Structure formats: C-alpha cells, structure tokens
Amino acid sequence: MDSIMRRHDVTLALLCLVLSCIFVSGKCEGKFGLSSLAISKTDPVIQETAAKGVLRRLLPRHESSFELRIVSEENCGGKSCFYIDNHPSKNQAEGPEIRISGTSGVELCAGLYWYLKRWCGAHISWDKTGGKQLKTVPAPGLLPAVEPGGVHVQRPVPWSYYQNVVTSSYSFVWWTWERWEQEIDWMALQGINLPLAFTGQESIWQKVFKSNRFNLSQADLNDYFGGPAFLAWARMGNLHGWGGPLPQTWLDQQHQLQLKVLDRMRSLGMIPVLSAFSGNVPSALQRIFPSAKITRLGNWNTVDGDERWCCTYLLDPTDPLFVELGKAFVEQQIKEYNGTHHIYNCDTFNENLPPTNDPGYISTLGAAVYKAMSAGDNHAIWLMQGWLFATDDWFWKPPQMKALLHSVPVGQMIVLDLFADVKPVWQRSDHFYGIPYIWCMLHNFGGNLEMYGRVDTIGSAPIEALRSPNSTMVGVGMCMEGIEHNPVVYELMGEMSFRSEAVQLEDWISDYSSRRYGTASGGAQAAWKVLHHTIYNCQDGVADHNGDVIVEFPDKNPDLMYVTGNRDSLKLRGSFSLSGIRKPRGGGKLGHNPHLWYSQADAVRALGLLLSSADELGEGLPYRYDLVDLTRQVLSKRANELYTNILAAYGSRKVENVQRFGNSLLELFSDIDKLLASCEGFLLGPWLESAKNLSTNPEEKILYEWNARTQITMWFDNTDEKPSSLHDYANKMWSGLIQDYYLPRAALYISFLDHSLRENATFPFDMWRKQWIQLTNKWQTSHHSYPSKTVGDSLQIVKKLYIKYNVPSKLLVSSL
C-alpha cells in the first residue's frame with residue numbers, strides 16, 4: 001500500500017511541474033481545468049500606465065528617465081521576468097536613460113526597484129519604519145548605466161504571495177484609499193503578484209444572506225458580523241457579534257474601497273485572491289432552514305462560553321445548502337467586482353477541528369468545500385492557509401492530510417506553508433503529498449513590535465525547498481499577522497521572489513545598511529553585523545510573540561511561584577516559555593520567561609555601534625527609526641530583568657528592594673514612552689485617530705474607537721474577575737499606551753506586592769485582577785486623544801538613555 005501511495009505522490013509531483021507552466025504562461029491549456037488562468041488578464045497598455053503611476057509617485061522628477069514596457073512571456077522563456085537595459089537614447093541630450101521591460105506591471109515595478117537598489121543605492125520601506133531613502137538616486141540625466149547587454153532577472157517560481165487572513169484586522173482595518181495606494185505601490189516594488197483582497201466582503205455576504213432565497217434580516221447579520229477590528233475572526237467562525245454591530249455606512253465604505261483596491265491591483269497585473277464560503281453561517285439560518293445540517297462549534301477563547309460571542313455555527317459541507325450558499329457568494333463577488341481571477345481563499349478548519357479524524361469523512365468535506373466554490377466559478381482554484389497543519393499537527397497526520405489535500409482535483413488547490421520560516425510542513429509531508437504550495441514566512445503574531453527575524457533561514461530555505469526532490473513549490477509568501485516593523489526582514493523576503501541561489505547574507509546585510517542610511521557608515525555596518533548574528537538570526541525554533549513585561553504584565557499570583565510556601569526560597573514552581581504557538585494567556589501560567597534568543601550584551605554593543613554613527617547619519621529617518629527601535633528593544637529586555645528582581649525580592653521578603661526595583665521599573669516605563677513619542681512609527685495616536693476618522697456620526701466614532709482600543713489591550717471579553725485569555729495578544733509598544741495603560745497596570749501590581757509584604761499577608765490576586773480589569777475597561781471606553789505627531793528629538797533622547805542605562809549595574813543590584 002505504501003508503494004502505491006508513493007507512486008501516486010510522485011505522479012502528482014510530476015503533474016505539478018506542468019502546473020507551474022500553466023500558472024506562468026497559460027500554456028498547456030485544457031489540462032486540469034486551468035485553461036482560463038493566466039498571470040494577468042489586464043491589457044498591457046493599462047499595466048504600463050499603472051507601473052508609470054508607481055514611478056511617478058515614487059520619483060516624480062524621474063518620470064521621463066525610465067521607459068517601462070510590457071513584453072510577452074515568450075521573451076522570458078515562458079516565465080515571468082524583467083530586463084534592465086541602457087536605453088538607446090541614453091547618450092542623447094534628452095529622453096529616457098534606462099529601459100525596463102517586464103511581463104507584467106508588477107515585473108516592471110520590481111525591475112525598477114531592483115535597479116534603484118543595485119545601481120543607485122536606494123531603499124524603500126513603510127513610512128512608519130523610516131520610509132524611503134532616495135537621496136542617493138542621481139538627478140535626471142545622471143543615472144548610472146548597467147553593464148552592456150543589460151540585466152535579466154527571472155522568477156524561479158511564479159507566485160509571490162502577500163498577507164495573512166488576519167492582517168486585514170491587525171493592520172489594514174482603518175485604512176483609507178490613500179494608505180492602500182501606498183501599500184499597493186510597495187507590493188508592486190517588492191514583486192508581489194498574488195495578494196489577498198478581503199476588504200469589504202461583508203457587503204457581499206449582506207447581499208447574499210438578505211436575498212429572497214435566504215431571507216435573513218439585518219438583525220440576524222448584526223449577530224453574525226464582528227466589529228471592524230475583529231472581522232477576521234468573525235469571517236473564520238471563531239466568534240460572532242463581538243465589537244459590532246457593523247453600521248451600514250461601514251459596509252458601504254468598505255465595498256467602495258474594495259473596488260478601488262481591486263482595480264489598482266489588477267491594473268498592475270496582480271491576481272487578487274478573493275474569499276470563498278467556509279461553512280460559517282449566522283445562527284438564524286437554522287430558523288429559515290430547519291432541516292439543514294448546522295452544528296454549533298466549541299468555545300474559542302471567550303471567558304465563560306458567553307453565547308453572545310462564542311460557539312459559532314457551521315453548515316455541514318455535505319448539506320446541499322452548502323453548495324448553494326457557496327455558489328451564491330462567489331457569483332455575487334464576480335458580479336460586484338467585475339470579474340475574477342479564479343483564486344479563492346477558504347480555511348474551513350482554522351483553529352477548529354473536523355468532528356472526526358476519519359480520512360473518508362475529511363475527504364468528503366474537502367470535496368464539498370471545493371464543489372461549492374467551483375459551482376460559482378468552474379475554473380476556481382482553492383488557496384488554503386496551511387496553518388491547521390502546523391498548529392494542530394497532532395491531528396493532521398499523513399492520512400488526514402492526504403484526505404483533505406487530495407479531495408480536490410489535482411491543480412485546483414494551492415496550500416500556503418504558512419509557518420515555513422519556523423515550522424515547515426513541506427518537510428514532513430513530502431511537499432504536501434504532491435499538491436502545489438507556497439513557502440511562506442509568518443514572522444509576526446498580533447502585530448507586536450519586536451525586533452526579530454530569521455534572515456539566514458529566509459535567505460536559503462526557500463531555495464532548498466524548491467530544489468529538493470519532488471518539490472511542488474510554486475511560490476514564496478509573506479504571511480505576517482501585522483506589518484510596519486522589521487523592514488530588513490521584509491526587504492529580504494521580497495527579494496526571494498527573484499532569487500535562484502541562496503543569499504550571501506554577510507554581503508547583503510552590509511549592502512542593506514548602506515542603502516537604508518544612504519552611505520556606508522562604519523559604525524552602522526558594524527552594528528548590523530552584530531544584529532545579523534543575534535537579533536535577526538533566531539534559530540531556536542520558538543514562535544516569537546512579544547511577552548516582555550512592559551506590554552504583557554504577567555497575570556500571576558506570586559505566592560504560587562515557589563516550590564514551598566517558604567518565600568525565602570527563590571526556586572520557581574514553573575516558568576512560562578513561548579515555545580508553543582498562539583497559546584492562551586491567563587493566570588494559569590507561572591513564572592515569566594519571555595522569548596530571548598540572543599545575548600543582551602550583544603544588543604547593547606550593537607546599539608553603541610549604531611549610535612557612534614549619529615553625527616554622520618543622524619538626520620535620516622530610517623536611521624532614527626532603527627536607533628529608537630533598538631533602544632526600545634534593549635530597554636524592554638532590561639525591564640524583564642527588573643521584574644525578575646522584583647519577584648526575587650518579594651520571595652525574600654525584602655520590602656525595600658521591592659519598592660526600589662519597582663520604582664526603577666516604573667521609571668523605565670516612562671523613559672520608554674518618551675523615547676517612542678519621538679518616532680512616528682511608535683505612536684498610539686494614529687491608530688485611534690484613523691479609526692475615529694472613518695466614522696460618520698458620534699455613535700460610530702464611539703464604536704470604532706472602542707474596537708481600536710480593545711483589540712490592543714484585552715482583545716476579547718472579560719468578566720469582573722476574569723481577564724480574556726487573549727489579553728495583550730495584540731500588544732503594541734506605542735507611546736501613550738505605555739504611559740496611560742501599561743504603566744498604571746504595572747504600578748497596581750507592584751503596589752499589591754508592597755502591601756502584602758508590609759502587612760505580612762498573602763498576595764490579593766483576586767483583588768489585583770478586579771482592579772486591573774477595571775483599569776482596562778475604563779481605558780477601552782475612554783476618549784482621551786493622543787498625539788499623532790512626534791514630540792522630542794529621537795537622537796538626543798537615545799543618547800541620554802544610553803548613558804543612563806547602558807551599564808547593567810545601574811539597573812540591577814547583584815545582591816538582594
């Protein structure tokens with residue numbers, strides 16, 4: 001039997017080699033039902049115009065310096081590529097200097113950035129992470145020539161994928177078209193051609209569910225849709241109603257925004273990935289269709305199984321109504337969005353499990369999901385996040401994985417190996433048993449601001465996966481939960497779309513430093529050499545999630561943290577490690593051991609080296625962002641050390657040391673808040689103001705602000721005595737949030753420690769929880785405004801803090 005399955009898998013792998021050809025050029029038509037799929041259906045003239053628009057917004061003075069033109073795949077050996085050549089008129093007095101040719105608008109933009117990086121020393125990142133460094137681009141007429149014969153860069157795999165299904169909530173939720181336009185430009189310059197397009201899908205569901213066939217009311221949908229900041233989890237069937245109801249103005253605004261997003265993506269030759277029906281339905285559907293097979297799922301992270309938010313309803317894929325609903329949803333999207341490119345995301349088992357592990361049943365479920373999708377679009381391709389295979393690997397053994405993956409016709413499914421940067425599934429599944437997959441970097445959970453990366457892995461592992469025997473890899477992807485952080489990681493990951501060889505990281509990092517700051521500064525390059533081998537080269541296999549005491553103050557009873565009741569002993573009963581994936585937070589965890597994979601001394605050394613280049617680089621925004629970010633990283637780890645000393649002093653019953661270390665910790669909170677206030681990328685104000693600015697009346701303003709505040713603090717529901725198990729999951733090191741929420745919370749906890757020692761009493765854990773929850777609920781419903789502009793000089797603040805804190809003994813006392 002094993003040999004038969006092995007031959008079957010090899011056959012599938014060989015078929016996927018043909019599949020890659022289909023994906024790239026539309027050749028081999030008629031095979032596997034993919035004859036209508038091509039990399040782009042947009043007219044070449046439209047794509048050229050769209051690419052020129054990116055150039056104009058990026059370098060308006062150089063609009064005439066480049067000629068951008070679309071060429072056919074036949075010019076690129078049947079694959080996607082771009083060419084960079086010296087323009088024939090380069091030596092003339094006027095006219096273009098550089099010609100970039102590519103197979104799509106995305107290729108033209110990627111070729112443009114490839115040239116700007118390698119010949120002009122330029123760098124482009126998100127505005128919040130320092131923005132663009134374009135001062136090294138010569139003036140028009142002086143652009144450097146490329147080598148004779150030009151440069152040809154071909155994609156080794158056809159797809160460059162972008163987004164996680166929750167990025168829409170953690171990062172995009174309050175965006176207007178102006179911000180989306182910037183992001184799509186960035187995507188094109190990075191070579192992304194397969195992005196999710198999830199904005200506004202609730203408007204589609206509203207039209208489907210309120211149609212005469214399904215006849216649900218708006219009240220029914222108010223219980224179904226989540227609030228703006230929680231839409232991702234309502235879509236996945238993890239919750240319902242929380243943060244809502246969604247105003248009609250929101251639905252209409254988001255629908256119009258989606259039309260603009262789709263139009264721009266398509267004009268550049270991108271393939272927007274739309275959503276499909278996963279089985280998640282409103283509870284009221286039972287009333288309309290009492291004979292339908294609808295089951296209620298279990299509790300997903302509510303405190304007490306509160307039925308107002310938890311235990312969503314799943315329509316069995318084998319029920320005929322499933323296909324009818326799925327067909328209606330896909331067809332409504334095609335109608336509203338003026339067509340489709342046939343790729344749809346659907347994640348039926350996201351952090352939920354099938355009712356049985358029987359492979360036959362799982363195969364039936366998978367086939368039914370695809371049947372519903374293809375009923376609305378007979379060329380549909382199912383794109384599935386492979387998160388379930390990573391987070392629930394105890395359930396998804398080979399028989400279950402094969403049953404789901406092989407339930408769809410070969411070539412009609414693409415799997416995202418979502419966590420391949422840490423926990424690659426392709427290795428234990430023989431390349432997903434012959435199914436095409438995309439090697440993805442997840443990297444970030446909850447949109448946390450933490451310096452972290454695995455650059456050596458990113459620079460080599462996708463190449464290894466592609467070259468390994470029987471590989472069915474068809475792309476690379478960025479699947480972070482939140483964006484606008486760690487620009488070095490995303491710059492490198494973007495390049496892997498066009499690299500056929502492993503990256504020489506020492507040289508790449510040195511070049512990155514020079515481009516980011518606009519010059520090769522010795523101190524900065526030395527700093528980045530240290531950062532490369534420490535902070536940005538985590539190899540411990542731990543899923544990083546920022547649990548630093550500043551942003552996730554431990555909800556723990558210190559009296560339970562010792563082996564015996566004798567607090568003179570410092571031996572902990574247990575410790576909390578972030579080695580798992582998406583573990584609930586709560587009072588059951590003892591000890592506090594946030595992820596630390598490098599030497600703190602090395603981070604301090606890197607900070608000193610980076611600071612030594614201040615006179616040379618101090619005016620540049622990318623430099624200032626990195627300086628603030630690294631200082632924040634160093635001080636947040638120092639805060640963890642202080643917290644450990646506070647607990648040790650408490651265990652030793654030394655009230656003076658609890659007070660002394662506690663005061664030092666709270667002072668550190670304030671210092672970090674002032675530091676972050678000086679840098680645009682670390683402000684609370686823009687998050688809250690962008691939420692409020694989308695409102696059209698006072699009620700919406702209150703709702704949107706509550707959504708924005710709640711997501712980054714308690715996240716989900718709580719009682720008077722029980723915090724959400726997801727509290728601080730989406731924590732942010734933002735100025736304002738630290739001073740007005742994180743600091744008072746820490747001060748409250750320390751005051752209870754102090755009081756317990758002075759009164760020789762046990763720690764009042766229940767009282768601590770009640771007051772912390774009161775503090776949280778009050779902050780979530782408050783309306784205090786926070787600055788959207790920076791305050792203070794980053795450089796001067798960093799210098800002062802470096803002097804104040806760079807010697808560990810100034811923070812920590814070795815003798816307790």
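A residue counts as partly exposed when its relative accessible area lies between the buried limit, under 20%, and the exposed limit, over 50%. Lys423 has a relative accessible area of 27%, so this residue is partly exposed. The model analysed here is predicted.

Lys423 takes part in a salt bridge. Its partner is Asp393, and the N to O distance is 3.1 Å. The pair links distant parts of the chain, 30 residues apart. Asp393 sits in the loop between α13 (387-391) and α14 (398-405). Lys423 sits in the loop between β15 (413-417) and α15 (430-433). Asp393 has a relative accessible area of 25% and is therefore partly exposed as well.

In total, the structure holds 36 salt bridges. Side chains of opposite charge can pair when their charged atoms come close. One of the bridges joins the side chains of Glu491 and Lys117, with 3.5 Å from N to O. This pair, too, links distant parts of the chain: 374 residues separate Glu491 from Lys117. Glu491 belongs to helix α18 (residues 487-495), and Lys117 belongs to helix α3 (residues 105-120). Glu491 has a relative accessibility of 1%, under the 20% limit, and so counts as buried. Lys117 counts as buried because its relative accessibility is 5%, again under 20%.

A third bridge is local. Arg179 forms a salt bridge with Glu183, and the closest N and O atoms are 3.0 Å apart. Both residues lie in helix α5 (residues 177-189). They are four residues apart, about one turn of the helix. Arg179 and Glu183 are both buried.

The largest pocket involves α5 again. Its volume is about 1100 Å³. The pocket is lined by 40 residues, and those closest to its centre are Asp127, Lys128, Arg179, Gln182 and Glu484. Arg179, the partner of Glu183 in the salt bridge, is thus among the residues closest to the pocket centre. Helices α2 (44-58), α5 and α25 (685-693) each supply at least two lining residues. The most come from α5, which gives eight. By class, the pocket lining divides into 15 nonpolar, eleven polar and 14 charged residues.

Enclosed space was examined next. The structure holds 16 cavities of 30 Å³ or more. The largest cavity contains about 270 Å³ of space. Its lining comprises 21 residues. Gln201, Arg235, Met236, Ala276 and Ser278 lie nearest the centre. At least two lining residues come from each of α6 (201-209) and α8 (231-235). The most come from α8, with four residues. Twelve of the lining residues are nonpolar, six are polar and three are charged.

The second largest cavity has a volume of about 170 Å³. It is lined by 22 residues, and Ser168, Val173, Thr199, Arg235 and Gln254 lie nearest its centre. Two or more lining residues come from each of α4 (167-170), α8 and α9 (248-267). The largest share is that of α9, with five residues. The lining has 13 nonpolar, seven polar and two charged residues. Arg235 lies among the residues nearest the centre of the largest cavity and among those nearest the centre of the second largest. Helix α8 likewise contributes to the lining of the largest cavity and to that of the second largest.

Tyr786 was examined as a single site. This residue lies in the loop between α28 (765-781) and α29 (794-805). With a relative accessible area of 9%, under the 20% limit, Tyr786 is therefore buried. Its contacts beyond four places in sequence are Leu684, Gly685, Leu688, Arg709, Gly736, Asp740 and Trp779. The side chain of Tyr786 makes a polar contact with the side chain of Asp740, at 2.7 Å. The C-alpha atoms of Tyr786 and Glu689 are separated by 8.3 Å, although the two residues are 97 residues apart along the chain.

Technical notes
Residues are numbered from 1 along each chain as its sequence is written. This is a predicted model: local features need pLDDT of at least 70, side-chain atom pairs count only at pLDDT 80 or more; totals for chains, interfaces and linings use all residues. Side-chain values use heavy atoms; hydrogens and water are left out. On a 1 Å grid over the protein atoms alone, a cavity is a set of points where a 1.4 Å probe fits but cannot get out, and a pocket is an open set with protein on both sides within 12 Å along at least five of seven lines; lining residues have an atom within 4 Å of a point. Grid points are joined across faces, edges and corners, and a volume is the space filled by probe spheres set on the points. Ala, Val, Leu, Ile, Met, Phe, Trp, Tyr, Cys and Pro count as nonpolar, Asp, Glu, Lys and Arg as charged, and the others, Gly among them, as polar. Buried means under 20% relative accessible area, exposed over 50%, partly exposed in between (1.4 Å probe, protein chains only). Contact means heavy atoms within 4.5 Å. A polar contact is a pair of N or O atoms within 3.5 Å; within protein, one must be able to donate a hydrogen and the other to accept it, and residues adjacent in sequence count only if both atoms are side-chain atoms. A salt bridge is a side-chain nitrogen of Lys or Arg within 4 Å of a carboxyl oxygen of Asp or Glu.
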